[in-house]
Amino acid sequence: RPSRAVHDLAERSRCFPEQDIVQDGVATKMTLRPGEALFFEDQHVLHGRAAFAPGPRCLWKCSVNRATG
């Protein structure tokens with residue numbers, strides 16, 4: 001059984017995104033319509049998704065390697 005300190009750390013880690021990002025207004029909510037796409041640099045953006053209505057949906061994830069210099 002985990003110690004109290006481990007339990008407390010896990011709980012703080014679980015609550016961090018909601019408290020410090022969403023509630024403080026740091027996050028930007030985006031709603032995509034059918035046929036729209038969103039591109040971003042995965043290394044520079046913290047991303048996630050909220051709940052969505054059941055029904056047909058298509059989600060593609062792909063990556064593009066770009067030259068850096």
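## A helical salt bridge

In this predicted model, D8 is partly exposed, because its relative accessibility of 27% falls between the 20% and 50% cut-offs. The side chain of D8 meets that of R4 in a salt bridge, with 3.5 Å from N to O. R4 is the exposed partner, at a relative accessible area of 60%, which is over the 50% that the class requires.

Where do D8 and R4 lie? Both are in helix α1, four residues apart, and that spacing is about one turn of the helix.

## The second salt bridge

A search of the whole structure turns up two salt bridges. Besides the pair in the helix, the side chains of R33 and E36 meet, here at 3.3 Å from N to O.

Are these two residues buried, partly exposed or exposed? R33 has a relative accessible area of 58% and is exposed, whereas E36, at 35% relative accessibility, is partly exposed.

## The overall picture

Let us step back to the whole chain. The protein has one helix and zero strands. It has 69 residues, and 3% of them count as buried. For a residue to be in that group, its relative accessible area must be under 20%.

The accessible surface of the protein comes to about 7400 Å². Carbon and sulfur atoms account for 56% of that surface.

## After the helix

Helix α1 spans residues 4-22, and E41 sits in the segment that follows it. E41 is partly exposed, with 38% relative accessible area. Its C-alpha is 9.2 Å from the C-alpha of S63, although E41 and S63 are 22 residues apart in sequence.

V45 is also found in the segment after α1. At 35% relative accessibility, V45 is partly exposed. That value is over 30%, so V45 meets the accessibility cut-off for joining a surface patch.

## A nonpolar surface patch

Which residues make up the nonpolar patch on the surface? V45 belongs to it, together with M30, L32, L38 and F40. Their accessible area adds up to about 440 Å².

## The largest pocket

The largest pocket has a volume of about 2200 Å³. It is lined by 40 residues, and those closest to its centre are L32, L38, F40, H47 and G48. Among these, L32, L38 and F40 also appear in the nonpolar surface patch.

How does the lining of the largest pocket divide by residue type? The lining holds 22 nonpolar residues, along with nine polar and nine charged ones.

Conventions. Residues numbered from 1 in each chain as written. Predicted model: local features only at pLDDT ≥ 70, side-chain atom pairs only at ≥ 80, totals over all residues. Heavy atoms only, no water. Helix = DSSP H or I, 4+ residues; strand = E, 2+ residues; numbered from the N terminus. Buried < 20%, exposed > 50% of the residue type's maximum accessible area, 1.4 Å probe, protein only. Patch = residues over 30% accessible without salt bridge, like charges linked within 9 Å, V, L, I, M, F, W, Y side chains within 5 Å. Areas by Shrake-Rupley, 256 points an atom, 1.4 Å probe, with all protein chains shown as cover. Salt bridge = Lys/Arg side-chain N within 4 Å of Asp/Glu carboxyl O. 1 Å grid on protein atoms, 1.4 Å probe; cavity = no way out; pocket = protein on both sides within 12 Å on 5 of 7 lines; lining within 4 Å. Points joined across faces, edges and corners; volume = space filled by probe spheres on them. Nonpolar A, V, L, I, M, F, W, Y, C, P; charged D, E, K, R; others polar.
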